[in-house]
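I opened this notebook to record what I looked up about empty space and nonpolar cores in one protein model.

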Amino acid sequence: MTIGTLAITLAWVPFADPDQVAMLGTVTLIILGYTGFRFAMALGYLPVGVPGGAERREVAVRRVRQQHRLVSRSWLEFTVGGRDRWLPVYFDPKLVTLTQDSAELAGRMVFVEGHRVYPSGRVRNSEPVGRLIDNPVRPDPEALTRTGLGRRLLLDAQSAVVGPFAGLLWVYASGGGWSAFVAATLVAAAAATWLATIRGSDPS
């Protein structure tokens with residue numbers, strides 16, 4: 001998604017005036033910087049607040065799906081030191097059939113059933129906002145058929161509704177006519193879809 005968003009953004013550079021080139025360059029730097037930050041967090045180069053330090057420890061864990069407005073994300077819920085914690089993770093098909101299980105916390109890495117899952121944010125001490133949906137007690141074998149790439153893009157693309165408003169705002173602030181409106185709309189829509197993806201959307 002990051003590559004596609006960068007391609008859409010940079011495709012308008014040859015047709016842009018200096019102010020528009022500066023804006024496109026700024027958007028490009030933001031996308032690259034935030035993507036790098038998210039990758040570093042997911043791969044364990046940056047702390048996400050997983051308790052336990054460098055030593056390995058096992059905790060009981062369950063997966064819940066958060067639904068809040070246009071946001072749908074996967075979370076791992078576990079208890080450490082008598083306190084409930086919630087860790088947002090990037091979607092993985094294995095999470096769909098995960099019932100109550102144990103997770104292994106190893107430094108900044110998390111393993112569930114021996115399978116590594118990647119954090120998409122920091123551990124929370126309070127319950128995430130919105131509606132939290134538990135996995136069924138019995139795994140649904142057909143659930144995996146509803147988590148394809150098309151469904152994920154459809155879910156993330158809901159955020160693209162901000163595109164036309166961003167286009168109007170850009171034309172109002174800097175002018176440029178229809179071509180500037182179309183360019184700003186497409187770039188904003190792509191960036192909004194990218195942001196939903198990079199934050200860890202859940203298509204299940």
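**Cavity lining**

I am working with a predicted model, and I began with the lining of the largest cavity, to which helix H3 (93–96) and strand E6 (115–117) each supply at least two residues. I then wrote down the full lining, which is made up of Lys-94, Leu-95, Leu-98, Val-112, Glu-113, His-115 and Val-117. Sorting this lining by class, I found four nonpolar, one polar and two charged residues.

I also asked how many cavities of 30 Å³ or more a search of the whole structure finds. The search finds one, and I noted a volume of about 50 Å³ for the largest cavity.

**Nonpolar cores**

Next I turned to the largest nonpolar core, which has 18 residues, and I listed Val-50, Leu-76, Phe-78, Leu-87, Val-110 and Val-117 as those that touch the most other members. Two or more residues of this core come from each of strand E1 (56–68), strand E2 (71–80), strand E3 (83–89), strand E4 (101–106) and strand E5 (109–112). Of these, E2 gives the most, with three residues.

I picked Leu-76 for a closer look and, leaving out residues up to four places away in sequence, I found that Leu-76 touches a list of residues including Val-61, Trp-86, Leu-87, Val-89 and Val-110. Leu-95, Leu-98, Val-112 and Val-117 are also among the residues that Leu-76 touches, and I had already met these four names in the cavity lining.

Apart from the largest core I found another core, of eight residues, among them Leu-6, Leu-24, Ile-31 and Val-187. As background I noted that nonpolar side chains tend to be buried together in soluble globular proteins.

Conventions: Residues are numbered from 1 along each chain as its sequence is written. This is a predicted model: local features need pLDDT of at least 70, side-chain atom pairs count only at pLDDT 80 or more; totals for chains, interfaces and linings use all residues. Side-chain values use heavy atoms; hydrogens and water are left out. On a 1 Å grid over the protein atoms alone, a cavity is a set of points where a 1.4 Å probe fits but cannot get out, and a pocket is an open set with protein on both sides within 12 Å along at least five of seven lines; lining residues have an atom within 4 Å of a point. Grid points are joined across faces, edges and corners, and a volume is the space filled by probe spheres set on the points. Helices (H or I, at least four residues) and strands (E, at least two) are DSSP runs, numbered from the N terminus. Ala, Val, Leu, Ile, Met, Phe, Trp, Tyr, Cys and Pro count as nonpolar, Asp, Glu, Lys and Arg as charged, and the others, Gly among them, as polar. A nonpolar core is a set of buried Ala, Val, Leu, Ile, Met, Phe, Trp, Tyr and Cys residues joined through side-chain atoms within 4.5 Å. Buried means under 20% relative accessible area, exposed over 50%, partly exposed in between (1.4 Å probe, protein chains only). Contact means heavy atoms within 4.5 Å.
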